[in-house]
Amino acid sequence: MSGLSVSGLHVRIGAVEVLRDVSFQVAPGEIFGLIGESGSGKSMTALALMDLLPKGSARTGTIHLDGTEVSALGERDMRDVRGNDISMIFQEPMTALNPLQTIGDQVMETVRIHTGASRAHARARAREALDLAGLPADRVPLTRYPHELSGGQRQRVVIALAIALRPKVLIADEPTTALDVTTQAQILELLKGLVEEDGMSLILITHDLAVVAGLANRIAIMRAGEVVERGGTAEVFAAQRHAYTRTLLAASVHQPERHGRGPGAPVLEVHEAVREYSLPRRGLFDRPDTFRAVKGVSLTLHRGENLGLVGESGCGKSTLARAILGLEPLQGGQIMMGGQEVSPAMKPAARRRISVVFQDPYGSFNPRHTVGRLVAEPFHLMAEKPTDQQEQVAEALEAVGLAAADAGKYIHEFSGGQRQRIAIARALIIRPDVIVLDEAVSALDVRVRARVLDLLAELSESHALSYLFISHDLTVVRAITDRVLVMRAGEIVE
């Protein structure tokens, strides 16, 4: 049989059965959507197909690709299959990329390992793949490192890695989570074009029902490690035979209840903020040029107000957020919070008033610490540490939909969406005046996103919390914010 066929796939980790009787087929030139909440088994299914399961896992069932049983191959043969015949776009780009290598070297490595091509030919293939992924040479040369790119740009590098050799099967695990709406449309159009041109089989793993509805031919909905509903995309969304399917669709359009009381006094004021970076010298005796990422931005955030900041990837949203958090200095203008200037030299007592949920949850945690210790980290900003830290950590975890027992686990034991919930719990735990949420719900599935938005709305009203909500998701911004600023090329344009 041509294409990919999965039959009776079971995966057990220790005594826990994480996948139960997962079966589906994906024909050449077909887009197959795999939908479900965080922890439902979507990514574990992808890892099982790639034979990249965690240590101690046991897999049964069969996986055929163009008639070959790849599930029976040893590790040596699977190395030839991965990247060449089956490739994967991973959910978290910063953990999928090597921070010590340039993006060009990383894409070239895939080409050279599988084709034995010369360095010059591999460089040309790498440039072609990055161009296809929307990273042109004039903006993103091969010599850039991952940390020099925005979250959306890093995701596009991961996509370039996956499509460099035009595989037979492409597994896209949340490929547009970190992308703004215009870039998301470009990437989805790119993936659709590759499927049509090359006859590639695409498995699209996502919690974004709108993306699946507009792209996938067929879908399967997963819950707790098994498929609960499957069929043609339009048919499944129209019939909604399973109660879980109906719940997911209802959560996708959920808007938190907000009473809309008037905002209080200003808690954060940004006056003509300018943030510049030095660029590499062009010559030995040349003066380095500067790149102005934020160009005279001004804004005011009031107590109890939710302010949205939207814009494309690379427009300067996250750079402005780092300056507001006092993590980077300004080259012009001023940021004031509660009558005190915000800067890298600000004291812990002032830092306690502002908290943050970063875009990349895994990169913002120390993987050697337990979740309980990670969530309790902000307590070091308090003059007197609370005696009931464990109880407060448990309360914070339960508030974002996790269990108190999760405090004893490590961050690698959680899915991408669960990690983001832990990041939100850490930001909430000392009840700051201002929380900066940088794409805070982009990695969350629709039901958890609905609960988190409800939680944020409730806390905003009960504790007069103020949010600076940075996002590319206009639906989320519309649901949660009072005012919105649109940013482009370092400036507020509307």
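This report covers a buried threonine, an aromatic pair, an open sheet and two loop residues in a predicted model.

## Thr-45 and its contacts

Start with helix H1, which spans residues 42-50. Thr-45 belongs to this helix. Is Thr-45 buried or exposed? Thr-45 has a relative accessible area of 1%. The cut-off for buried is under 20%, so Thr-45 counts as buried.

Which residues does Thr-45 touch, leaving aside those up to four places away in sequence? They are Leu-9, Leu-19, Val-22, Phe-24, Leu-34 and Met-222. One of these contacts, Phe-24, leads to the next feature.

## The aromatic pair

The model holds 1 aromatic pair by the rule applied here. Its members are Phe-24 and Phe-32. The ring centres lie 4.9 Å apart, and the ring planes meet at 15 degrees. Stacking requires planes under 30 degrees apart, so this pair is stacked.

Phe-24 and Phe-32 are both buried. Phe-24 therefore appears twice in this account: as a ring of the stacked pair and as a contact of Thr-45.

## The open sheet

Four strands make up an open sheet. Their order is S12-S11-S14-S15, and the pairing is antiparallel. Which strands form the edges? They are S12 (290-302) and S15 (340-341). Each edge strand pairs on one side only.

Strand S11 covers residues 266-278. S11 and S12 pair in the antiparallel sense over 10 bridges. Within this pairing, Arg-275 stands opposite Val-294 in S12.

## A charge over a ring

Arg-275 has a second feature. Where does its charged end sit? It sits over the ring of Tyr-277. The distance to the centre of that ring is 4.3 Å.

## Two loop residues with positive phi

Arg-166 is not a glycine, yet its phi is positive, at about 45 degrees. Arg-166 is found in the loop between helix H6 (151-163) and strand S7 (169-173). Its relative accessible area is 31%. Partly exposed runs between the 20% and 50% cut-offs, so Arg-166 falls in that class.

Gln-240 also has a positive phi, near 50 degrees, in a residue other than glycine. Where does Gln-240 lie? Its place is the loop between helix H9 (233-239) and helix H10 (243-252). Gln-240 has 22% relative accessibility and counts as partly exposed.

Methods
Residues are numbered from 1 along each chain as its sequence is written. This is a predicted model: local features need pLDDT of at least 70, side-chain atom pairs count only at pLDDT 80 or more; totals for chains, interfaces and linings use all residues. Side-chain values use heavy atoms; hydrogens and water are left out. Buried means under 20% relative accessible area, exposed over 50%, partly exposed in between (1.4 Å probe, protein chains only). Contact means heavy atoms within 4.5 Å. Rings of Phe, Tyr and Trp (its six-membered ring) pair if their centres lie within 6.5 Å; planes under 30 degrees apart count as stacked, over 60 as edge-to-face and the rest as tilted. A charge sits over a ring if NZ of Lys or CZ of Arg is within 6 Å of the ring centre and within 35 degrees of the ring normal. Two strands pair if DSSP finds at least two bridges between them.
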